[in-house]
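Dear colleague,

Please find below the structure for your review. My findings on its cysteines and its nonpolar cores follow directly after it.

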Amino acid sequence: MSKNVSDQLVESLVEAGIQRIYAVTGDSLNHVNAAIHRNGKIKWIHVRNEEMAAFAAGAEAQLNGLACCAGSSGPRHVHLINGLYDAHRSSASVLAIASTIPTKEFGIGFFQGINIIKLFDDCSCYNQVATTPAHLPRMLQTALQHTLHKKG
């Protein structure tokens, strides 16, 4: 039985040493949250909003070297920005997972669809969108390498 994308993501995060993900449950992150619970090796830290998630991940990264936060589509991505700018400017290694709308809905005015490449570009040392399940493993590895080696 092949693993779904969320299970692959969580296994890769565990291998990278991620112990916690700061996020708000809901929408396009539900599958990730379920995979975290199935895996049992990462704690989902539910926070009040995504801004707090990014600030908490930034603080943890400054203390421990690598941390992770997540936000689901649309306005929740915007909430990540303040904390991610702070982490980026502080050279904290934060991996931000910005789950989004279905790729078939890109560019057609879908509810809560935003251009996440433009949004996160200035506060990221690596910023890409996985558009197929095959993209995830290599893209995640590249993101982890960038965040650790470029401190951002």
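C125 is partly exposed in this predicted model, with a relative accessible area of 23%. C125 takes part in no disulfide; the cysteine sulfur nearest to that of C125 belongs to C123 and lies 10 Å away. Since a disulfide is a pair of cysteine sulfur atoms within 2.5 Å, that separation of 10 Å does not qualify.

C123, by contrast, is buried, at a relative accessible area of 5%. C123 is likewise in no disulfide, and its nearest cysteine sulfur is that of C69, 9.7 Å away. By the distance rule, the count of disulfides comes to zero.

Turning to the nonpolar cores, the largest has 21 residues, of which L13 and I21 touch the most other members. At least two residues of this core are supplied by each of α1 (5-16), β1 (20-23), α2 (30-39), β3 (67-71), β4 (94-98) and α6 (136-149). The largest share is that of α6, which contributes four residues.

Which residues does L13 touch, not counting those up to four places away in sequence? L13 touches I18, I21, I42, C68, L95, I97 and L140.

Apart from the largest core lies another, made up of 19 residues. Its members include V24, A57, C69 and A87. C69 is thus named twice here: as a member of this core and as the cysteine whose sulfur is nearest to that of C123.

In soluble globular proteins, nonpolar side chains tend to be buried together.

With kind regards

Note on methods:
Residues are numbered from 1 along each chain as its sequence is written. This is a predicted model: local features need pLDDT of at least 70, side-chain atom pairs count only at pLDDT 80 or more; totals for chains, interfaces and linings use all residues. Side-chain values use heavy atoms; hydrogens and water are left out. A nonpolar core is a set of buried Ala, Val, Leu, Ile, Met, Phe, Trp, Tyr and Cys residues joined through side-chain atoms within 4.5 Å. Buried means under 20% relative accessible area, exposed over 50%, partly exposed in between (1.4 Å probe, protein chains only). Contact means heavy atoms within 4.5 Å.
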